[in-house]
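Here is a quick briefing for anyone opening this structure cold. Have a look at it first, then read on.

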Amino acid sequence: MTASAEKYTTQTLLDVQPLTSSLFTLRTSRDAGFRFRAGQFARLGVSKADGSIVWRAYSMVSSPFDEFLEFFSIVVPGGEFTSELSRLQVGDTLLVDRQAFGYLTLDRFVDGRDLWLLSTGTGVAPFLSILQDFEVWEKFERIILVYSVREARELAYQELIAGLTQREYLSEYAHKLQFIATVTREAHPGALHGRITTLIESGELERAAGVALSAEHSRVMLCGNPQMIDDTRALLKKRHMSLSLTRRPGQVAVENYW
Ligand SMILES: Cc1cc2nc3c(=O)[nH]c(=O)nc-3n(C[C@H](O)[C@H](O)[C@H](O)COP(=O)(O)OP(=O)(O)OC[C@H]3O[C@@H](n4cnc5c(N)ncnc54)[C@H](O)[C@@H]3O)c2cc1C
Ligand SMILES: NC(=O)c1ccc[n+]([C@@H]2O[C@H](COP(=O)([O-])OP(=O)(O)OC[C@H]3O[C@@H](n4cnc5c(N)ncnc54)[C@H](OP(=O)(O)O)[C@@H]3O)[C@@H](O)[C@H]2O)c1
């Protein structure tokens, strides 16, 4: 084995499911030695025709206890990585760095009563992993998953989300979860209409959740569009909520996707 080969493993694509022309989910085999915390990401590699390998960060959707790895991907037109990834079929191989990375994990927070998981687009991925892990259900009294997309058809994993509280090991915690979808470019029954930032400013998000966003009780994770993250952080700052750092615990944890 060469030095570079030791840094990653080669996994097999087990399933690919298109959601829209620019969104799909993929499932791969998992190396027995690959460990991660819910909310972390892996570096995935695909080989190009010229023999070079392109690497990109991808959050795990699957839980740390699943035998497989699941990912949720955008297709960026002309994107170096996703042009290759979206061509792969079941049985093809994908490279996975041996190490998992990232700090969008529950250990960012030392306390808190309500956990707000605010996502745009594929940024919902790490929250699905967190919600499939037992720790979050014990640690928080309320969990509010907010998922913002442009069009309703882009709402992925609706069955998984609806089924979470049906899982036997989570049934006694079902009352803790509130799922709020928001669709920004069309009206959709059952979803809010407007950006997460707009909904925070107007108070509509808190009304829908039935709970206030406060520095005392709320812990907030943000994932996806970097501009959403910047804008939301600015709004939370006005409410005295700031990034949680190891040396200074706070209320906010973030993962920028680009
Ligand atoms: C920590 C981390 C975790 C990530 N997890 C995921 C994930 O779970 N799923 C996923 O699809 N991507 C994820 N990404 C983004 C991913 O790493 C790549 O950027 C994406 O695969 C596009 O690669 P590309 O080479 O085709 O285009 P790039 O050259 O990497 O990106 C081109 C442009 O496409 C847009 N873009 C990139 N990624 C996204 C996205 N996810 N949603 C909307 N627009 C995007 C941005 O405008 C970006 O500048 C993550 C990024 C980081 C840093
Ligand atoms: N989704 C598509 O149908 C589509 C089609 C062609 C190309 N693309 C390209 O694909 C990329 C990703 O698209 P995407 O839809 O997955 O991601 P996105 O542009 O990040 O949009 C996802 C959600 O985040 C919201 N959002 C964006 N900026 C925000 C901000 N500053 N504050 C609060 N909310 C914000 C969007 O609301 P708004 O709707 O208000 O922006 C939308 O609800 C983009 O570069 C886009 O140009 C997407």
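In this predicted model, a polar backbone atom of Phe81 sits 2.8 Å from an oxygen atom of ligand 1, which makes a polar contact (a pair of N or O atoms within 3.5 Å; within protein, one must be able to donate a hydrogen and the other to accept it, and residues adjacent in sequence count only if both atoms are side-chain atoms). From there, let's go through the rest of ligand 1, then ligand 2, then the two sheets.

**Ligand 1**
- Thr122 joins in with a polar side-chain atom 2.8 Å from a nitrogen atom of ligand 1.
- Trp258 has a polar side-chain atom 3.4 Å from an oxygen atom of the ligand.
- On its own, ligand 1 has 870 Å² of accessible area, and the protein covers 76% of that; such areas come from the Shrake-Rupley method with a 1.4 Å probe, and for residues only the protein chains shown count as cover.
- In total, 18 residues surround ligand 1, where being near a molecule or strand means having a heavy atom within 4 Å of it.
- The closest of them are Ala57, Tyr58, Phe72, Thr82 and Thr122.

**Ligand 2**
- Ligand 2 is surrounded by 15 residues, and the closest are Ser148, Glu154, Thr184, Arg185 and Arg195.
- Two arginines reach oxygen atoms of ligand 2 with side-chain N or O atoms: Arg185 at 2.6 Å and Arg150 at 2.8 Å.
- Glu154 places a polar side-chain atom 2.7 Å from a nitrogen atom of the ligand.
- Of the 860 Å² of accessible area that ligand 2 has on its own, 72% is covered by the protein.

**The parallel sheet**
- Which order do the strands of the parallel sheet take? The 5 strands line up as β9-β8-β7-β10-β11 in an open sheet; strands (E, at least two residues) and helices (H or I, at least four) are DSSP runs numbered from the N terminus, and two strands pair if DSSP finds at least two bridges between them.
- At the edges are β9 (177-183) and β11 (252-256), each pairing on one side only.
- Neighbouring strands here are turned by 10° against each other on average, direction ignored; the axes are lines fitted to C-alpha atoms, for helices over the stretch in contact, and angles run from 0 to 180 degrees between N-to-C directions.
- β7 (residues 114-120) pairs with β10 (residues 218-224) over 6 bridges, and Leu118 has Leu222 as its bridge partner in β10.
- Helix α7 (residues 226-238) packs on this sheet and touches β7, β10 and β11, with its direction at about 160° to that of β10; contact means heavy atoms within 4.5 Å.
- β10 is also joined to β11 by 5 bridges, and Leu222 has Val254 as its partner there.
- Going from β10 through α7 to β11, the chain makes a right-handed β-α-β crossover: with the strands pointing away from the viewer, the path from the first strand over the helix to the second runs clockwise.

**The antiparallel sheet**
- Another open sheet has 6 strands in the order β4-β3-β6-β1-β2-β5, with antiparallel pairing.
- Its edge strands are β4 (53-59) and β5 (68-74).
- From one strand to the next, the twist averages 35°.
- Strand β2 (residues 23-29) is linked to β5 by 7 bridges, and Phe24 is partnered with Ser73 in β5.

**Reading the numbers**
- Residues are numbered from 1 along each chain as its sequence is written, while chains are lettered from A and ligands numbered from 1 in the order in which they are written.
- Local features need pLDDT of at least 70 and side-chain atom pairs count only at pLDDT 80 or more, whereas totals for chains, interfaces and linings use all residues; side-chain values use heavy atoms, leaving out hydrogens and water.
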